[in-house]
Amino acid sequence: MTSKNIFLLFWILAGILAVLLLLDTFSLVSASTPGDVSTCQTLDTAGNYTMTQNLNRSLVNSTGCFLINASNVELNCRSFIIANSTLNRPAINVTHANNVTIRNCNLSMALTTGYGLNLLNVTNSRIINITVNKTGYGIYIQNSSNITFLKINASQDNYSFYFLGSHNNTMYNITTSSAGKILLNSSTQNNFSSMQSPLISLISSSNNFFTNRDANNTGDILSPSSLDSIILDSASAYNIFAKFLVINDINDSGHNNNFTDLTIANLAFSTDFFNINDTMINLTVSSPGMNVGSNNNLYNISGYVSLDSNNLLDTLIREQGSSLLSVTGNHNRVISVISDGNLDLTNQYNNSFTNLSLGRVNLDSSDNNTFTSLTVASLQVGAGLSVVNSKNNVFQYVTADFGDTTAYPPIYLQGSSNNTIAHCTIGSSGEGSGRSIGSYSDGMGSFELSGSGNNRIQNCSITTAGRNTFGVLVIDNSNNNNFSSMFISNLEHLGFYIEDSSNITLSSSIITNNSEGGVYLNNTSGNILFNNTIIGGNEGFDTALQVLNLNSSNQLSITDGYVESYSFSGVGGFVNFKNTQYGEIRFLQPINESADNLTDDIKIENDKVTVNDNRLGLNQSANVTFYGLPTNFDAPLIFKNNIACNATYCYNFTSLNAGTVIFNVTGWSNYRVGVISTDPNVPIPNSGGGGGSGDFAKSTPILLKLLLPNPLSTEKNKKIILPITLANRGALDLRGIVVRATVSKDGALRKDLLASFDNSFLNILPIGASKNITLIVDVNTEEDGVYEILLNATVQNPAYQDSGKILLTVGQGTKIQDKVLLTDALIAQNPECLEIKETLDEAKSLIAQGKSEEGDAKLDEAVESCKRAISQRSNITGKSILSQNAFFVWVGGAVMGTLVIGAGFYFYQRWRFRKFQQFADSSEKGL
């Protein structure tokens, strides 16, 4: 064969090979054809596929029905069925694909381990209107993201949905059967909307959102919307559950999860929120309630709650039933509870409660708890506020009430110490049943201490009009208690009853108009009555002060104030009378006397002391002390009835020029320290005392004036201190002045601005005198506006009152203006945010109109919008032409490779042919 023939044959073979390779390539990549499909097959060509018949039983391959491994594929089942009840394989299997759509399918595979739809490494796809029935795994999603599931119904599945390592998927209008579950494992940022499922379980999954809102997240509640149980393991965090009916259980051992707008029923305290920083908002909890673990935040809860440790509960509201709030742990903070239920604390400490309105509050062996603004009312069994074997608790602004049948007081301390109760009000809606107290066969205290010591009670008003009621009972060795600024009036029995208890202090209080008397002491010692106004009752035995059986080893001290009728009887005891400005009288023998007015019978004035010598029971030896006398008398003496007193009747322990002078007297009339007058019949005039106020005072017998500051303004959460002056512009001394303050806004009393005085009671305000006191206002409000502070000064003797008003403007201050400036700067520095300036302008307008809260919300909206604009800067990415045209590149490469081989072979043959010619020519020449 010649070389030309060989070369031609080579090119023919090369061409045949190239054609065969090209035909073989087309046969490999053309396994599926878009269009109608009537058999199970692999869909590996982009395009739209439409089922034309049911595919079940033997028509389903042993590997499943449809395998989709190409991108840009749409499969429309047209509601046809894909089913094989014995095959543990997926009905539809999608792997390593992008932009896939599957719609209108009815899938049913093996009940235990079959798969309706299996997605592996799938992105940016849509699953629409799918029904999965009687299948082990309804939809299994692994390592897949950005898939939208719409209108999915998975019935009677072991796992209706199983997410494994899948993120940023969206599911809307999802329904599972009573046996189905939704499980997320190591999956984040998935969004589930409008759901009905018996169980959602999360394993190591975070930032997922579950709600029954619509797809546009407008907040509409759609049906179905129920959910039986939620289970989160310890590694799951920052998930949100909203607007579900939770029937059975929520068990969360994760942290920072959020539960909002849930109705929780039939839990039997089985719901547990463990771990830290879970948030519950707008929950309705049916009886018997929800058990909350530790370190959680609750807002606007309605129903029954039991708290473990370190929780914040803000607003728990009423639901029918009795026991509404139970605290079983420590360090809880409860902001507001409104209920007819009870709160029981046993062995609990360091809890804080604010604004509680309950049937009863019971503390047992519980310490260091704080209650602010507590109301207990409508009592039937037990005390309203009961503190038993508990210490170091603080109760502020307590309102308590009587029930009709209870035999316990509204406030009761037993075996408790070092507690503080301040600003309490006790009234009556019932009458109480009463019980035996001391010599009284039928009675009950409004405020009772039994075996309780070292407690502090202040600023309490007890005006119970029901029968069988005492004011304060201090009995059974309740020692070392301090009562101050009490107002006790209109009781059926005594106002203040102390028996078998010592070292009780009652100060700056008004006790008046109680049917059986004011203050009663029996078998006591070391008690102090300081700066009180004590007036008797209005019927029968109405003595203002009754003292029986004082322990002679210690004294009763009566300092300042005003005491009307009195009775000292029984064994008797030492009594000390004191005026903090002028001096004191210490009786050295028991006194036994009854009369109409103790303040008139025992007087301590600037430089004179007087005991009514017509009261034989008071005519006992005593030590007298004067304060602030001159230290430069010329030959001073002690005078009795303005006659120098000899050593038989009085002798001094100190120099009469000592300033503070102490001397003894053996009997009584009146005594003073001074010098002999040139006219022995003319008494030496007093060196001090209140001055008059001229002709105006003489013409105006009673005139008390409140001098107040001008209108004021302040910021929220501040404390302001205001000077107030009380001025006696009349012609009479004013005794027993009580000053009170209330705060209101728009005609309603407010408790978020607390007004108090450094001294709310004045024993006496002499003619022409004035007294400065300090008004302290704690501005704890978050509400802007103008508040009215109403001050009222009431004079006990003579009866008179004056009032005044201070206007206080509370504003946001500079905080919101700072926020405006920061938001303005953020938008100016980021061009992406310039379109958001309109929102900022709206915020400024609202703030200028005084709508601070709405303006603040608009500022937050502007900031969040700016952050999103900054984060959405686009990144330009190229697309590989090679990846889009891989088939043509491969075929072209094959043809080019064949041509290169052919050319190489051609040039090789040409080289051999030249060599052969050269050899032939040489041979011919040689021949």
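This report walks through the overall make-up, the strand pairing and the disulfides of the structure above.

## The chain as a whole

Welcome to a predicted model. Its protein chain has 927 residues, and 47% of them are buried. In secondary structure, the chain comes to eight helices and 72 strands, so strands will take up much of this tour.

How much surface does the protein chain expose? The figure is about 41,500 Å², and carbon and sulfur atoms supply 50% of that area. Contacts tell us about the fold too: among those in the protein chain between residues at least 6 apart in sequence, 51% join residues at least 24 apart.

## Strands side by side

A little background helps here. Strands of a sheet pair through backbone hydrogen bonds, either parallel or antiparallel. Both kinds can be found in this chain, and we can start with the parallel kind.

Look for strand 33, at residues 394–400, which runs parallel to strand 31, at residues 370–376, with six bridges joining the two. To find the spot, go to Thr370, which stands opposite Val394 in strand 33. Strand 33 also pairs with strand 35, at residues 420–426, again in the parallel sense and over six bridges. Here Ala400 is a handy marker, standing opposite Ile426 in strand 35.

Now for the antiparallel kind. Which order do the strands take in the open sheet of five strands? Reading across, the order is 55-56-62-58-59, and the pairing is antiparallel. The edge strands are strand 55 (602–604) and strand 59 (643–644), each of which pairs on one side only. Within this sheet, strand 58 (residues 637–640) and strand 62 (residues 670–674) run antiparallel and are joined by four bridges. One residue pair to look for is Lys640 with its bridge partner in strand 62, Tyr671.

The strand pairs described here can be set next to each other:

| Strand pair | Direction | Bridges |
|---|---|---|
| Strand 31 (residues 370–376) and strand 33 (residues 394–400) | parallel | six bridges |
| Strand 33 and strand 35 (residues 420–426) | parallel | six bridges |
| Strand 58 (residues 637–640) and strand 62 (residues 670–674) | antiparallel | four bridges |

## Disulfides

A disulfide is a covalent bond between the sulfur atoms of two cysteines. The structure holds four disulfides, and we can visit some of them in turn.

Cys40 and Cys65 are joined by a disulfide, with an S to S distance of 2.1 Å. This pair links distant parts of the chain, 25 residues apart: Cys40 lies in the loop between strand 1 (35–37) and strand 2 (42–43), and Cys65 in the loop between strand 4 (55–56) and strand 5 (66–68). Why is this disulfide called left-handed? The torsion about the S-S bond of Cys40 and Cys65 is about -90°, so the disulfide is left-handed. Are its cysteines buried or exposed? Cys40 has a relative accessible area of 10%, so it is buried, and Cys65 counts as buried because its relative accessibility is 3%.

Another disulfide is formed by Cys424 and Cys460, whose sulfur atoms are 1.8 Å apart. It, too, links distant parts of the chain, with Cys424 in strand 35 and Cys460 in strand 38 (residues 456–462), 36 residues apart. The torsion about the S-S bond of Cys424 and Cys460 is about 130°, so this disulfide is right-handed. Cys424 and Cys460 are both buried.

A further disulfide is formed by Cys645 and Cys650, with sulfur atoms 1.9 Å apart. Cys645 is buried, as is Cys650.

Technical notes: Residues are numbered from 1 along each chain as its sequence is written. This is a predicted model: local features need pLDDT of at least 70, side-chain atom pairs count only at pLDDT 80 or more; totals for chains, interfaces and linings use all residues. Side-chain values use heavy atoms; hydrogens and water are left out. Buried means under 20% relative accessible area, exposed over 50%, partly exposed in between (1.4 Å probe, protein chains only). Contact means heavy atoms within 4.5 Å. Accessible areas come from the Shrake-Rupley method with a 1.4 Å probe; for residues, only the protein chains shown count as cover. Two strands pair if DSSP finds at least two bridges between them. A disulfide is a pair of cysteine sulfur atoms within 2.5 Å.
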